[in-house]
Amino acid sequence: GYILGGITFFGFLILAATGLWLAQFYHPTPGTARESVVYTMNVAPLGDLVRGIHFWVSNIVMATVLLHMGRVFVTGSYKRPREANWLIGVGLLAVTLGLIFTGTVLKWDQEAYEALGHNIEIGNLLGAVGFWFSPEFTTSLPLVGRLYIAHIAILPGLGVLLLVAHFLLVKHHGISALPGQADAAATGGQVPARGGSTFAAHLVRMAGFGLLMLAAATVLAIIWPAELGPRPVPGVEVTKPPWVFLPFYPFEDWFGLSALLWVPAILFAAFALVPFVDHSPYRSPSRRRAVIAIGLIVAIALAALVIYAWVTVPQAHVQEAM
């Protein structure tokens, strides 16, 4: 469980490398985006394989980010002096979600078109704050082009800054000790609240597991290549978002588009407050039963929402997409 963060980091490196190759063949305008993806899949050297690896690693990274945060939550590793690293992790979760969303739009198929329609509507709900998401922000570059810039520069730049801060804090505080050891130290024992593993040993294990992830993604890319949907048709809504956004989909059905603002805002605010609400000195789950129970309820609810969204018929939420 303690290696999940390192696997995530290695996954980001793979995504950067494969993304650089894919960028050589991508043209970010509404009239050419999908055709350039088709070119990548059918003509570009190793294009389909690299695109498949990029797709599968992005999904694996999303899963490891969630599993890593779950492990940190269960073991109480967000407690003093590691509160800042938990907040950085919440920021990295937001960046990862942003990368998956923008990557979805860049395909410029029906799913991408509908995702961009949601993006524009959310920008409208934000009012003046959402100016960057408006097609009227500039007529010199289509919105899909600006989302491409966000995908290859803005979000990766933020991610690098957060990762650097994250690793510096891990190196400073050391790998967190097991909950039982930390509790012994908190109650006056002689066991330090720092894990026995060194940072260098952690890096070696991280690289090993990262290479295994690359191998798994390569196999998946060969067996199940990344799909490309049909050309976008304006005025219809027939797709659902990627799995990581499915927990928000039912709220959009029940309460409308505005739910895509307030539901994630509430969820991320709750995540950010965790270290400041659970401020007891203990980290063992057995000593934090109420907190663990709340976390379990949230996890089960999110999983139930994914299943519910998966089995329901797609509904129209956006009146007219871009």
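**Salt bridges and helix packing**

Glu111 and Lys107 are both buried (under 20% relative accessible area with a 1.4 Å probe, protein chains only; exposed is over 50%, partly exposed in between). Their side chains meet in a salt bridge at 2.5 Å, N to O, where a salt bridge is a side-chain nitrogen of Lys or Arg within 4 Å of a carboxyl oxygen of Asp or Glu. This is a predicted model, so to speak of local features takes pLDDT of at least 70 and side-chain atom pairs count only at pLDDT 80 or more, while totals for chains, interfaces and linings use all residues. Residues are numbered from 1 along each chain as its sequence is written, and side-chain values use heavy atoms, with hydrogens and water left out.

**More salt bridges**
- The count comes to 5 salt bridges.
- Arg231 and Glu35 pair up through their side chains at 2.3 Å, N to O.
- Arg231 sits in the loop between α8 (199–223) and α9 (249–255) and Glu35 in helix α2, so this pair ties together parts 196 residues apart in sequence.
- Glu35 is partly exposed, at 35% relative accessible area.
- Arg288 and Asp278 meet at 3.1 Å, N to O, and both are buried.
- Lys79 joins Asp278 and Arg288 in a network of salt bridges.

**Helices** (DSSP runs of H or I, at least four residues, numbered from the N terminus)
- Val37, Thr40 and Met41 in α2 meet Gly47, Asp48 and Arg51 in α3, contact being heavy atoms within 4.5 Å.
- In α4, 17 of the 24 residues are buried.
- Trp108 follows α4 and has a positive phi, near 55°.

Note on methods:
Helices (H or I, at least four residues) and strands (E, at least two) are DSSP runs, numbered from the N terminus.
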